[in-house]
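These are my notebook entries on a protein shown with DNA. I wanted to look up where the protein meets the DNA and how its helices pack.

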There are 2 protein chains.
Amino acid sequence: MTLERTFRALADPTRRAIVEQLGSGPATVGSLAAPHPMSLPAITKHLRVLEAAGVVRRDRRGRTIVCTLEAAPLREAESWLADRRLFWSATLDRLERLLGADSPADRGHADTKEQDG
Amino acid sequence: MTLERTFRALADPTRRAIVEQLGSGPATVGSLAAPHPMSLPAITKHLRVLEAAGVVRRDRRGRTIVCTLEAAPLREAESWLADRRLFWSATLDRLERLLGADSPADRGHADTKEQDG
DNA sequence: GAAAGTGTTAACCGAATGGTTAACTATGGT
DNA sequence: ACCATAGTTAACCATTCGGTTAACACTTTC
């Protein structure tokens, strides 16, 4: 599944940093590796994971390789999260009150405080 | 980092299914386990991962345990993706043209070839 | 065509993941 | 008290992950 690969790819902080860097535009493998205190093969592996998820594309360009961010999988992941949000924003509060009414235990967050942002 | 735990939690299909089910409202551990062809301890572990990420909350309720979806981490993950999107939608095309102008090799995504999959 | 530059592949390693079964804890019902 | 219900914890196992070093491959330059 694409979602699985995408979320797993984004789970690693190094790979997220790579994606963030690619947000400033395409970059070579070397320049992507530079900020990270690890060997080049490690970066190669991370890029393979990102590429397998479809998040980045790699194009040979002379003797360097240029990596570019690919939109589709990130968009798909965002959509999945957005679908979940349809719930939290609206339904959550109502359902929790239903639960709370049945047994007023110390779950204490339903009526007095709201940590929404 | 919260983002790391959140993305890692969502990387597993079973855990995503749990989150989706919780989108219909709070549920007991048993009812969350029912749809999945695995043992209860496996589900317990998945719930611990989701709880560690702050994605679900567990409240004892008699001899059952009610799990509820928690908004904050999902919102944070969605925000991270949304920030990335600021790039793909607008800047990508322009940057790629800059790159392409420098050396018109067959980076071929614009008009001729497309190996996307 | 040999040397240097840019990445990848291969082999290996320790730690984390995702699952199992068996034993245990905790609550509720009789 | 005793038993059933609902979940967790413990111990274990195979696989995957994230990193390493060493060797290889492709491109450019001299």
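Entry 1, on residue classes. Before counting anything I wrote down the classes: Ala, Val, Leu, Ile, Met, Phe, Trp, Tyr, Cys and Pro count as nonpolar, Asp, Glu, Lys and Arg count as charged, and the others, Gly among them, count as polar. I also noted that what I am looking at is a predicted model. With those classes I sorted the surface near DNA strand D and found 7 nonpolar, 7 polar and 9 charged residues.

Entry 2, on DNA strand D. Which residues come nearest to DNA strand D? I found 23 residues around this strand, and those that come nearest are A:Ser39, A:Lys45, A:His46, B:Thr44 and B:Arg58. I then looked up the individual distances to phosphate oxygens, starting with A:His46, where an N or O atom of the side chain is 2.2 Å from a phosphate oxygen of DNA strand D. For B:Thr44 I noted 2.4 Å between an N or O atom of its side chain and a phosphate oxygen of the strand, and for B:Arg58 a polar side-chain atom lies 2.7 Å from a phosphate oxygen of DNA strand D. Looking at the strand's own atoms within 4 Å of the protein, I saw that 64% belong to sugar or phosphate, while the rest belong to bases. As for the elements behind this surface, helix 4 (40–52) of chain A, along with helix 3 (29–33), helix 4 (40–52) and strand 3 (64–69) of chain B, each supply at least two residues.

Entry 3, on DNA strand C. I repeated the search for DNA strand C, which has 23 residues around it, and those that come nearest are A:Thr44, A:Arg58, B:Ser39, B:Lys45 and B:His46. Of the atoms of DNA strand C within 4 Å of the protein, 70% are sugar or phosphate atoms, and the rest are from bases. Here I looked at backbone atoms as well: a polar backbone atom of A:Val29 is 3.5 Å from a phosphate oxygen of DNA strand C, and for a polar backbone atom of A:Ile65 the distance to a phosphate oxygen is 3.3 Å. From chain B, a polar side-chain atom of B:Arg15 lies 2.9 Å from a phosphate oxygen of this strand. Two or more residues of this surface come from each of helix 3 (29–33), helix 4 and strand 3 (64–69) of chain A, and from helix 4 of chain B. By class, I sorted the surface near DNA strand C into 7 nonpolar, 7 polar and 9 charged residues.

Entry 4, on helix 1 of both chains. How do these two helices run, parallel or antiparallel? I looked up the angle, and helix 1 (residues 2–11) of chain A packs with helix 1 (residues 2–11) of chain B at about 155°, their axes being 8 Å apart. Because angles over 145 degrees count as roughly antiparallel, helix 1 of chain A is roughly antiparallel to helix 1 of chain B. The crossing of these two helices is left-handed. On the chain A side I listed A:Glu4, A:Phe7, A:Arg8, A:Leu10 and A:Ala11, which meet B:Glu4, B:Phe7, B:Arg8, B:Leu10 and B:Ala11 of chain B. This contact has 6 nonpolar, no polar and 4 charged residues.

Entry 5, on helices within chain B. The axes of helix 1 and helix 2 (residues 13–22) of chain B come within 5 Å and cross at roughly 95°, so these helices are roughly perpendicular to each other. Finally, I noted that helix 2 and helix 4 of chain B pack at about 75°, with their axes 10 Å apart. Among the residues in that contact are B:Ile18 and B:Val19 of helix 2, and B:Leu47 and B:Leu50 of helix 4.

Definitions and conventions: Residues numbered from 1 in each chain as written. Chains lettered and ligands numbered in written order. Predicted model: local features only at pLDDT ≥ 70, side-chain atom pairs only at ≥ 80, totals over all residues. Heavy atoms only, no water. Near = heavy atom within 4 Å. Polar contact = N/O pair within 3.5 Å; in protein donor to acceptor, adjacent residues only side chain to side chain. Helix = DSSP H or I, 4+ residues; strand = E, 2+ residues; numbered from the N terminus. Axes fitted to C-alpha atoms, helices over the stretch in contact; angles between N-to-C directions. Parallel < 35°, antiparallel > 145°, perpendicular 65-115°, else oblique. Left-handed = near helix turned anticlockwise from the far one by under 90°. Contact = heavy atoms within 4.5 Å.
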